[in-house]
Amino acid sequence: MAFEPPRRLVKAFGETAPDGDDWLEKLPEAAERAVALRELAVERVQVPGGRSSLVVLVRTAGGTLAVLKLAPRRARPQSERAALAHWGGLGAVQVLDEDATEGVLLLERLHPDVSVRSLPEAKALLEAAGTLRRLWVQPPAGHPFETVAQRTGRQADAMRAGAGADPVVAPLVEAALAAREELLAAPPEPRLLHGTFRQSKVLAGERMPWLAVGPDPVVGETAFDLARLVRDRVEDLVAQPSGASTTRRRVKRLAESLEVDQERLRGWALFRAVESGVRARRVGREQDAELLLEFASWL
């Protein structure tokens with residue numbers, strides 16, 4: 001079959017690889033090779049799919065339902081494989097093959113169209129938080145994962161560059177960078193984190209009701225991981241007259257339910273929202289940028 005990349009992936013790739021990376025061009029051929037090597041029967045490409053990988057619904061030669069995932073090097077697929085292997089299916093999707101082909105993962109099939117985001121908001125946050133708690137384990141000795149300090153250091157450099165050209169955003173960027181410096185000065189004990197956790201990253205499964213997918217693993221404090229969940233459904237929060245107070249209550253509720261320091265969670269939520277807002281503005285997603293930066297102003 002033709003492995004046509006979904007429009008969502010093509011658009012996102014254009015934002016993150018404006019210099020003409022040829023991964024997308026070579027993707028159909030790479031998918032054909034991966035399918036043939038594993039003797040898979042292809043059902044369909046998952047649409048709309050993700051923003052950083054091609055997901056194909058397949059069956060193994062033995063009839064097992066599975067997912068074939070292909071991702072470019074910048075999405076760190078080998079790091080994803082290492083994290084999933086370390087979790088061993090506890091709270092996250094399982095890796096089904098031992099073939100460490102770069103950029104290719106064969107994964108347990110979940111229900112790709114059913115995430116916790118389909119639940120009412122309060123229930124969704126509860127289920128997502130419970131899933132996240134299971135992932136916070138000690139990283140393996142000599143782990144290959146990026147640290148929160150390293151990742152946010154790169155992001156901080158990009159934020160400073162963006163703020164210089166946008167004086168309206170500069171005060172928020174300064175506040176976010178100051179929060180980062182304070183948070184990194186005395187961090188709690190590090191854990192292996194999902195790295196990009198949100199409601200849409202938790203899918204219904206058969207082994208367990210809900211399992212996490214699509215990690216971009218990082219090692220650091222748990223408040224960093226939880227911070228991304230704080231702003232889930234940001235468009236709904238911003239549309240509410242009580243959005244600011246609802247956000248502050250959400251920070252308090254999530255911090256208490258997962259035994260995370262509330263001020264540390266607020267600080268990382270601020271940093272991550274400003275970083276995402278500045279990045280969205282840099283690639284022309286102005287509406288997303290406005291939502292994120294307004295949300296950040298409430299913190």
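Where is arginine 76 found? The answer is the loop between strand S3 (65-70) and helix H3 (77-87). Helices and strands here are DSSP runs, numbered from the N terminus: helices are H or I runs of at least four residues, strands are E runs of at least two.

Before going further, keep in mind that this is a predicted model, where local features need pLDDT of at least 70, side-chain atom pairs count only at pLDDT 80 or more, and totals for chains, interfaces and linings use all residues. Residues are numbered from 1 along each chain as its sequence is written, and side-chain values use heavy atoms, with hydrogens and water left out.

**Backbone oddities**

Most residues other than glycine have a negative phi, and most peptide bonds are trans. Arginine 76 goes the other way, with a positive phi near 55°. Is arginine 76 buried, partly exposed or exposed? At 29% relative accessibility, arginine 76 counts as partly exposed. (Buried means under 20% relative accessible area, exposed over 50%, and partly exposed in between, using a 1.4 Å probe and protein chains only.)

Glutamate 259 also has a positive phi, near 55°. You'll find glutamate 259 in the loop between helix H9 (243-257) and helix H10 (262-282). This glutamate is exposed, with a relative accessible area of 69%.

The peptide bond between valine 47 and proline 48 is cis, with omega at about 10°. Proline 48 sits in the loop between strand S1 (41-45) and strand S2 (54-59).

**Three strands**

Let's follow the strands on either side of that loop. S1 and S2 pair in the antiparallel sense over four bridges; two strands count as a pair if DSSP finds at least two bridges between them. Alanine 41 stands opposite arginine 59 in S2. On to S3: six bridges join S2 to S3, and these two run antiparallel. Arginine 59 turns up again here, since its bridge partner in S3 is leucine 65. S2 and S3 form a hairpin with five residues between them, and glycine 63 in the turn has a positive phi of about 95°.

Why is S2 described as largely enclosed by the rest of the structure? It is because five of its six residues are buried.

**Helices H9 and H6**

How far apart are the end C-alpha atoms of H9? They are 21 Å apart, which agrees with the 21 Å that 15 residues should span at 1.5 Å a residue. (The expected span is 1.5 Å times one less than the number of residues.) The buried residues of H9 are Gly243, Ala244, Thr246, Thr247, Arg250, Val251, Leu254 and Ala255. They cover an arc of only 165° around the axis, which puts them on the same side of H9. That arc is taken from the directions from the helix axis to the C-beta atoms. And what do the buried residues of H9 pack against? Their partners are helix H4 (121-135), helix H7 (222-230), helix H8 (234-239), H10 and helix H11 (286-297).

Helix H6 (residues 170-185) passes the length check too: its 16 residues should span 22 Å, and its end C-alpha atoms are 23 Å apart, which agrees. Among the buried residues of H6 are Leu177 and Arg180.

**Far in sequence, together in space**

Those two H6 residues come up again with alanine 156, which is found in helix H5 (residues 148-164). Alanine 156 is buried, with a relative accessible area of 1%. Leaving aside neighbours within four places in sequence, alanine 156 is in contact (heavy atoms within 4.5 Å) with Leu177, Arg180 and Phe271.

Over in H4 there is alanine 129, which is buried at a relative accessible area of 5%. Alanine 129 touches Leu229, Leu254 and Leu258, not counting residues up to four places away in sequence. Here are two pairs built on these alanines.

| Pair | Apart in sequence | Apart in space, C-alpha to C-alpha |
|---|---|---|
| Alanine 156 and phenylalanine 271 | 115 residues | 9.1 Å |
| Alanine 129 and serine 257 | 128 residues | 8.1 Å |

**A pocket**

Finally, some empty space. The second largest pocket holds about 400 Å³. It is lined by 19 residues, and Trp23, Ala30, Arg33, Glu102 and Gly103 lie nearest its centre. Which helix gives the largest share of the lining? That is helix H2 (residues 23-38), with eight residues.

On a 1 Å grid over the protein atoms alone, a pocket is an open set of points where a 1.4 Å probe fits, with protein on both sides within 12 Å along at least five of seven lines; lining residues have an atom within 4 Å of a point. Grid points are joined across faces, edges and corners, and the volume is the space filled by probe spheres set on the points.
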